[in-house]
Amino acid sequence: MTNTLPDVPSASAFFFDFDGTLVAIAPRPELVTVEPEVREVLEALSTQYGGAVAIVTGRPLDAVDGFLTPIKLATAAEHGSVRRDSTGSLHFDEGNAQAVEAAYMALAPLVEEHPGLILERKRSSLSLHYRQRPDLAASCEAAVRDVVAENPSLVILPGKMVFELKPEGVDKGEAVRAILKEAPFKGRTPIFIGDDVTDEHAFEVVNALGGLSIKIDEGDTIANYRTDRKGLFEWLFRLVTHS
Ligand SMILES: [Mg+2]
């Protein structure tokens with residue numbers, strides 16, 4: 001692990017987590033602010049690296065597009081359950097919708113009962129946020145465990161003050177693999193930047209491919225570099241201005 005971020009090959013592909021990486025985490029997911037530098041640097045990277053810039057997030061696709069508008073990048077949303085490739089085509093499995101619906105119905109009463117909990121429903125996954133109710137972490141965990149016991153096609157993905165339920169076999173590492181099979185990403189050295197435990201799957205894939213894995217802020221990680229958001233943006237701007 002080192003803290004000085006290196007130069008990268010000109011044939012690199014960039015993969016960014018969204019919350020806690022491109023934007024600072026907010027008390028409620030809809031309250032994040034996208035600083036102007038974020039769009040600026042994503043556009044510059046995309047120009048310099050042949051369009052090989054992707055977002056890989058637990059968020060729904062529409063939410064990411066809304067935050068980054070007018071930029072529309074290749075995006076793996078909902079941890080890769082829903083993916084838009086660089087041509088704009090969507091890839092997702094409708095078969096997961098039923099289990100997600102059942103999980104949503106099962107968790108709704110808990111959220112109604114406890115103000116501050118947020119149940120975020122997506123196309124083929126959902127998130128139970130307890131950032132405003134850390135006292136309820138154990139109750140939330142018990143509830144999602146019950147739901148998964150009833151719906152074994154779903155798995156729990158713990159994040160920062162959130163439990164996500166997503167289809168088994170879907171994770172950010174698989175999303176990176178899928179994106180790397182296609183132009184303009186194919187054949188490039190992958191660079192993944194993320195801040196949360198869910199990003200470790202992607203770090204693993206990128207490390208195995210000889211790429212660069214960058215962990216933002218604290219926490220155990222298998223990433224080979226660590227920095228904070230300030231260090232990340234300084235590095236990115238250095239990459240796009242020293243060309
Ligand atoms: Mg994150």
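What follows is a chat about how the labels on this predicted model are earned.

Me: Before the labels, what are the ground rules here?
Reply: It's a predicted model, so local features need pLDDT of at least 70 and side-chain atom pairs count only at pLDDT 80 or more, while totals for chains, interfaces and linings use all residues. Residues are numbered from 1 along each chain as its sequence is written, and side-chain values use heavy atoms, with hydrogens and water left out.

Me: What makes D17, D19 and D195 donors of the magnesium ion?
Reply: Distance. A donor is an N, O or S atom within 2.8 Å of the metal (3.2 Å for Na, K and Ca), and water is not among the atoms, so sites may look incomplete. D17 (OD), D19 (O) and D195 (OD) lie 2.0 to 2.1 Å from the ion, so they meet the 2.8 Å cut-off.

Me: How are those donors spaced in sequence?
Reply: The pattern is D-x1-D-x175-D. D19 and D195 are 176 residues apart: D19 is in the loop between β1 (12-16) and α1 (36-48), and D195 is in the loop between β10 (189-194) and α6 (200-208). Those element names are DSSP runs numbered from the N terminus (helices are H or I with at least four residues, strands are E with at least two).

Me: Is D195 buried or exposed, and how do you know?
Reply: Buried means under 20% relative accessible area, exposed means over 50%, and partly exposed is in between (1.4 Å probe, protein chains only). D195 comes in at 3%, so the label is buried.

Me: What makes D195 and K160 a salt bridge?
Reply: The rule asks for a side-chain nitrogen of Lys or Arg within 4 Å of a carboxyl oxygen of Asp or Glu. For D195 and K160 the closest N and O atoms are 2.8 Å apart, so the pair passes.

Me: Which salt bridge does D19 make, and what does that pair link?
Reply: D19 pairs with R59 at 2.7 Å, N to O. The two are 40 residues apart, with R59 in the loop between β2 (53-56) and α2 (61-68) and D19 in the loop between β1 and α1. R59 has a relative accessible area of 6%, so R59 is called buried.

Me: How many salt bridges are there in the whole structure?
Reply: The search finds 14. Among them is E35 with R229, at 3.0 Å; that pair links the loop between β1 and α1 to helix α7 (residues 229-241), 194 residues apart. E35 is at 33%, so partly exposed, whereas R229 is at 16%, so buried. There is also a network of salt bridges linking D17, K172 and D199.

Me: Why are E174 and R177 said to be about one helical turn apart?
Reply: Because they sit 3 residues apart in helix α5 (residues 172-180). Their closest N and O atoms are 3.6 Å apart, and they form a salt bridge. E174 is at 40%, so partly exposed, and R177 at 39% gets that label too, being partly exposed.

Me: What makes R84 and D65 a polar contact?
Reply: A polar contact is a pair of N or O atoms within 3.5 Å; within protein, one must be able to donate a hydrogen and the other to accept it, and residues adjacent in sequence count only if both atoms are side-chain atoms. The R84 and D65 side chains are joined at 2.7 Å, so the distance fits the cut-off. The R84 side chain also reaches the backbone oxygen of L73 at 2.9 Å. R84 lies in strand β4 (residues 82-84) and is buried, at 8% relative accessibility.

Me: Where are the domains, and how do you know their bounds?
Reply: Domain 1 is 12-93 + 170-241 and domain 2 is 94-167; bounds of this kind come from an automatic or database domain assignment. Their centres, taken over C-alpha atoms, are 24 Å apart.

Me: What supports calling domain 1 and domain 2 in contact?
Reply: Contact means heavy atoms within 4.5 Å, and 22 residues of domain 1 are in contact with 19 residues of domain 2. About 1,800 Å² is buried between the domains, 53% of it on carbon and sulfur atoms; buried area is the accessible area (1.4 Å probe) that two parts lose on being put together, summed over both. Across this interface the rule finds 1 salt bridge, along with 10 residue pairs in polar contact (both at pLDDT 80 or more).
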